[in-house]
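Biologist: I would be grateful for a close look at a single part of this structure, namely one helix-helix contact and its surroundings. Please set that part in the context of the whole chain.

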Amino acid sequence: MRVGATKFLGHPNDLDTLANVADGPPYAPAGIRVLPSWLLGRAAAYGHRLVAQALAREGMRMMHHAVLATVAELGPVSQAGLGRTLRVDPKDMASIVHDLDEQGLIVRMPDPVDRRKNAVSLTDAGARLLRRTEKLGEEANAELTAALSDAEREQLVALLARIVARAGEPA
């Protein structure tokens with residue numbers, strides 16, 4: 001270590017170290033790198049990146065995929081209901097629904113429950129694309145957990161589901 005340099009949690013605090021930190025993953029002191037919250041955040045960012053890249057191969061964004069999957073699961077659903085369910089701002093949801101409609105992936109028809117509203121349904125093209133993007137998402141998640149055995153992956157999912165349930169979030 002050069003004269004006048006200081007140590008920060010065991011890492012030399014010199015210009016080379018600071019430059020390397022800026023080029024790589026976010027720096028965190030050793031005491032933070034062992035916290036479950038930090039590790040979960042880094043794993044989530046990696047998983048998000050893998051899934052986003054996989055979906056992009058089909059020209060799909062993550063929120064657009066989430067809307068297609070929600071429409072497939074809930075059946076005809078109002079645009080407002082989609083926004084509430086996915087916790088998306090109404091203006092953003094309008095833009096997503098517009099994009100999907102323009103691509104012929106969904107159709108807006110009068111809501112059978114309240115004909116004053118439109119309900120969103122998948123088209124056959126939307127269902128086909130959803131099947132492909134679900135497979136891509138599964139492959140991305142397999143990559144995310146590739147360092148784990150099947151049993152470890154199941155255990156990880158079960159543990160994360162417990163954490164999410166404790167937070168009051170739907171699993």
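Modeller: The chain exposes about 11800 Å², of which carbon and sulfur atoms supply 57%. This is a predicted model, and every value given here is computed from it. Buried residues account for 25% of the 171 residues in the chain. In secondary structure, the chain has 8 helices and 5 strands, and their order along the sequence is β-β-α-α-α-α-β-α-α-β-β-α-α. Of the contacts between residues at least 6 apart in sequence, 42% join residues at least 24 apart.

The contact chosen for closer inspection is that of helix H3, residues 36-56, with helix H7, residues 124-144. The two helices pack at an angle of about 145°, and their axes lie 9 Å apart. The crossing of H3 and H7 is right-handed. On the H3 side, the residues that take part are Ala-43, Tyr-46, Gly-47, Leu-50, Val-51, Ala-54 and Leu-55. They meet Thr-133, Leu-136, Ala-140, Asn-141, Glu-143 and Leu-144 in H7. By residue class, this contact of H3 with H7 comprises 9 nonpolar, 3 polar and 1 charged.

Within this contact, Thr-133 merits separate attention. Thr-133 belongs to helix H7 and is one of the residues that meet H3. Why does Thr-133 count as buried? The reason is its relative accessibility of 0%, given that buried means under 20% relative accessible area. Leaving aside residues up to four places away in sequence, Thr-133 touches Leu-55, Glu-58, Met-60 and His-65. Of these partners, Leu-55 is also listed among the H3 residues of the helix contact.

The sheet may be described next, for comparison with the helical part. An open sheet of 3 strands has the order S3-S5-S4, and its pairing is antiparallel. Strand S3 (77-78) and strand S4 (106-110) stand at the edges with a single partner strand each, so one side of each has no neighbour in the sheet. S3 pairs with strand S5, residues 118-122, in the antiparallel sense over 2 bridges. In this pairing, Ser-78 stands opposite Ala-119 in S5.

To return to the part requested, the contact joins H3 and H7 in a right-handed crossing, with 9 nonpolar residues in it, and Thr-133 on the H7 side is buried at 0% relative accessibility.

How values were computed: Residues are numbered from 1 along each chain as its sequence is written. This is a predicted model: local features need pLDDT of at least 70, side-chain atom pairs count only at pLDDT 80 or more; totals for chains, interfaces and linings use all residues. Side-chain values use heavy atoms; hydrogens and water are left out. Axes are lines fitted to C-alpha atoms, for helices over the stretch in contact, and angles run from 0 to 180 degrees between N-to-C directions. Helices (H or I, at least four residues) and strands (E, at least two) are DSSP runs, numbered from the N terminus. A crossing is left-handed if the near helix is turned anticlockwise from the far one by less than a right angle, and right-handed if clockwise. Contact means heavy atoms within 4.5 Å. Ala, Val, Leu, Ile, Met, Phe, Trp, Tyr, Cys and Pro count as nonpolar, Asp, Glu, Lys and Arg as charged, and the others, Gly among them, as polar. Two strands pair if DSSP finds at least two bridges between them. Buried means under 20% relative accessible area, exposed over 50%, partly exposed in between (1.4 Å probe, protein chains only). Accessible areas come from the Shrake-Rupley method with a 1.4 Å probe; for residues, only the protein chains shown count as cover.
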